[in-house]
Structure formats: structure tokens, C-alpha cells
Amino acid sequence: MNNSRRQFIKKAGLGLSAAYFLPQLLSCENKKMGIDSPFTNLGVQLYSIRDLMAANPTDSLQQVAKIGYKHVETYGIDPVTKSFWGLDYKALKKVLDDNGLKSHSGHYDMSKYFSRNHQDKEDLNIYFDAAKELGQEYVIAPVSPMFDISALKKDDYLYIAEQLNKAGEEAKKHGLKVAFHNHFWEFRDLGNGTRGEEVLLAFTEPDLVDFELDLYWAEKAGMNPVSLFEKFPNRFKLWHIKDMDKGFTKTIVGPEFDKLDFGAISKEVKYTEVGTGHIDFIAIAQAKAKAGLKYAFVEQDDIYIPNKFESLKKSYDYVQEHLGKIS
């Protein structure tokens, strides 16, 4: 074999090796750079576009996928018809599949299930069935009893924790997990510095119950999310990334607000697209490993610009550019 032929085979071999290993090397590098992170694999809570979902869920989900979102968090199940926005589970799953979307979690009302004063509690088995049909991992309680937020005491939160553990036990039988989503009132002082959210964290079993931290509501309650991650590591597997209008940064927890109804408090509340407001998401995102973050969702309870998909895109673009690079 002459030298030129040897050189050719040697170079070809190197080329084949590079072709074989390059995708793996790029994949490793991408993961180092955070490209395969909860922020690049970003979801959206569909409540953000609830009016559009009600009007045309199929078109709305197509638009969400075109923006770049990889998964969606559901809300608003009709437990009687066993459907979302007029679509039964199989029809909704098909729309998701057709658009390359997944759904890892959904919000399912448990207000009566958490209330000591209600015997007509929600049937969680309906929720578990829906979650399984949609391929979800998490059945999330979106709120503590709304009809009683100004009267909730430590014993009420202890009861909610007990109910969450029971729900977690049942969910486990279905291959699912339960999680709890906060608002601001869970951070009110119940006496001696005790807060409802911390009661729930302390008295639920980590193998049964996770938490979805709404970053906006935590900040609006005067809490530093990173301090929660440090105190309760690995419990906040899901985050709602929601920004606070710079003109509405007043804390709404404390003596001035704790006895007011939600209507009065809501005058101090205004949202904005992620990255245009008050919250330092970059500092929070640095602590994602401490939190145990698995799934992140953009959410904006009220969108004020006419084109709501444009709003979702602004938030998506910010997260990709500024949080997606955090390893």
C-alpha cells in the first residue's frame, strides 16, 4: 500500500470517527451550556390565554407550539363531561401530539378536598384518569380554599398537608405525583413567624408531594425564592415564571393587607411579560439545582397587550436568551 493511500484511509477514518462522535460531543456540550434545561424545554400554563383556549383550543395550541413552547400545563377540567375546552381527553391528546407538545402537569381544583367544612369533596380519581390519558406526571392543586383565604389558620394548613399526603398516596398507585401551587396568602404570618406554605412543606412527605412555586406570588408576598430553596431543598420541582410590573411592587402580605378581601388586594397587582418587570429571574435561576427544578412554565394571569401570543413570545424569547444558558 503506497503512502498516499495510507494517508487517505487514515484521514477517512478520522472523518468517520468525528462524524460518529460529534453528535454526542455536541449533546454533552449543549447540556453543559444549559441547552437541555427546564428553561429551554419550556412550558406554558394555558390559563394565560384562557379566553383564546375557550374560543378555539386547537388553533391556540398550534400557535403555542409555533412560538417554541415544548409543553403545556392544563387547567379547567370539566369533571362531568370529562373534557377540557370541549375536547375529550383523547381529542386533546391528539391535538397535543399533532403539534409536538407534551403535557407534564395539570391544575385540578381541590378546594373542597382541602376544606374541613366540606363533605362534598372533589373526586380525585377523575383527575388521575385525566392525567394518565394526557401523559401527565403531576396532578397539581392550584389553590387552597379560595372561599376561606382570610380565615385560614395553622390547623387548616395542617389539614391541607394531611389531605395532600392522602392524595399523594392515591396518586402513587396511578404512577402520578401530587404538587401544590401557591399564591400570596400562604405566606401570611399565622403567628410566631409561622407561614402556611412552610407548614405544608414541613408536614407533607417529599416522596408523595412536590411544590410548584409561583415566583411572582412568592415575591409579591415579600419572600426570596432562593431562601425557600435553601430551607426546603429539592421540593420545588415546578416553577411558574411570571413577572411583576415595575409600578406594582408593593408587598401584599402584612397587617395592612391580611384582613382585606382579594378584590381590595388585587388593586396592587399587575403582571408583565417575563424579563420586562421587577423580578430578578437570573438570580433565582442560578438556584434551580437547589430547588430540584424539573419543569418551568411561563404564566401571566392577565395579558394587557392586544396580541396575547405576542406576549407569550416575548416571555419565551427572554427565557431562552437569559435563562436557557444557565447550567
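I252 sits in the loop that runs between β10 (243-244) and α10 (262-265). In this predicted model, the relative accessibility of I252 is 0%, so the residue counts as buried. What does I252 touch, once its neighbours within four places in sequence are left aside? The contacts are F184, W217, K220, F257, D258, I265, E268 and V269. One of these partners, V269, is 17 residues away from I252 in sequence, and the two C-alpha atoms are 8.7 Å apart in space.

**The chain as a whole**

Stepping back from that loop, the protein chain holds 13 helices and 12 strands. It has 327 residues, of which 51% count as buried. If you take the contacts between residues at least 6 apart in sequence, 82% of them join residues at least 24 apart.

**Aromatic pairs**

W217, which is among the contacts of I252, also takes part in a ring pair with Y216. A pair of aromatic rings is described by the distance of the centres and the angle of the planes. The count of aromatic pairs in this model comes to 21. For Y216 and W217, the ring centres are 4.9 Å apart and the planes stand at 90 degrees, so this pair is edge-to-face. Both Y216 and W217 are buried.

How are the rings of F229 and W239 arranged? Their planes are at 5 degrees and their centres 5.3 Å apart, so F229 and W239 form a stacked pair. F229 belongs to helix α9 (residues 225-231) and W239 to strand β9 (residues 238-241), so the pair ties together parts that are 10 residues apart in sequence. F229 counts as buried because its relative accessibility is 0%, and W239 is buried too, with a relative accessible area of 1%. The two are also members of a cluster that ring pairs build from F39, Y113, F114, F180, F211, F229, F236 and W239.

**Charges over rings**

Rings also meet charged side chains here. The charged end of R50 sits over the ring of Y47, at 4.0 Å from the ring centre. Likewise, the charged end of K270 sits over the ring of Y304, with 5.2 Å to the centre of that ring.

**Pockets**

Y47 turns up again in the largest pocket, where it is one of the residues closest to the centre. The table sets out the two pockets.

| Pocket | Volume | Lining residues | Closest to the centre | Lining by class |
|---|---|---|---|---|
| Largest | about 580 Å³ | 29 residues | Y47, P142, H183, E299 and D301 | 15 nonpolar, seven polar and seven charged residues |
| Second largest | about 200 Å³ | 13 residues | L152, R188, D189, L190 and K259 | six nonpolar, two polar and five charged residues |

For anyone preparing a closer look at these sites, the residues at the centres may be a handy way in. In the largest pocket, Y47, P142, H183, E299 and D301 are the closest to the centre. In the second largest pocket, that place goes to L152, R188, D189, L190 and K259.

**A covered helix**

Which residues of α7 are buried? They are G196, E197, E198, V199, L200 and L201. Helix α7 covers residues 196-203 and is mostly covered, with six of its eight residues buried. The packing partners of these buried residues are α6 (154-173), β7 (177-181), β8 (209-214) and α9. Helix α9 is also where F229 of the stacked pair is found.

**Two positive phi values**

Two residues other than glycine deserve a glance at their backbone angles. W85 has a positive phi, near 50 degrees, and its place is in the loop between β3 (83-84) and β4 (87-88). With a relative accessible area of 16%, under the 20% cut-off, W85 is buried.

N234 has a positive phi as well, near 70 degrees. It is found in the loop between α9 and β9, the two elements that carry F229 and W239. Is N234 buried or partly exposed? Its relative accessible area is 43%, so N234 counts as partly exposed.

Methods: Residues numbered from 1 in each chain as written. Predicted model: local features only at pLDDT ≥ 70, side-chain atom pairs only at ≥ 80, totals over all residues. Heavy atoms only, no water. 1 Å grid on protein atoms, 1.4 Å probe; cavity = no way out; pocket = protein on both sides within 12 Å on 5 of 7 lines; lining within 4 Å. Points joined across faces, edges and corners; volume = space filled by probe spheres on them. Nonpolar A, V, L, I, M, F, W, Y, C, P; charged D, E, K, R; others polar. Helix = DSSP H or I, 4+ residues; strand = E, 2+ residues; numbered from the N terminus. Buried < 20%, exposed > 50% of the residue type's maximum accessible area, 1.4 Å probe, protein only. Contact = heavy atoms within 4.5 Å. Phe/Tyr/Trp six-rings, centres within 6.5 Å; stacked < 30°, edge-to-face > 60°. Lys NZ or Arg CZ within 6 Å of the ring centre and 35° of its normal.
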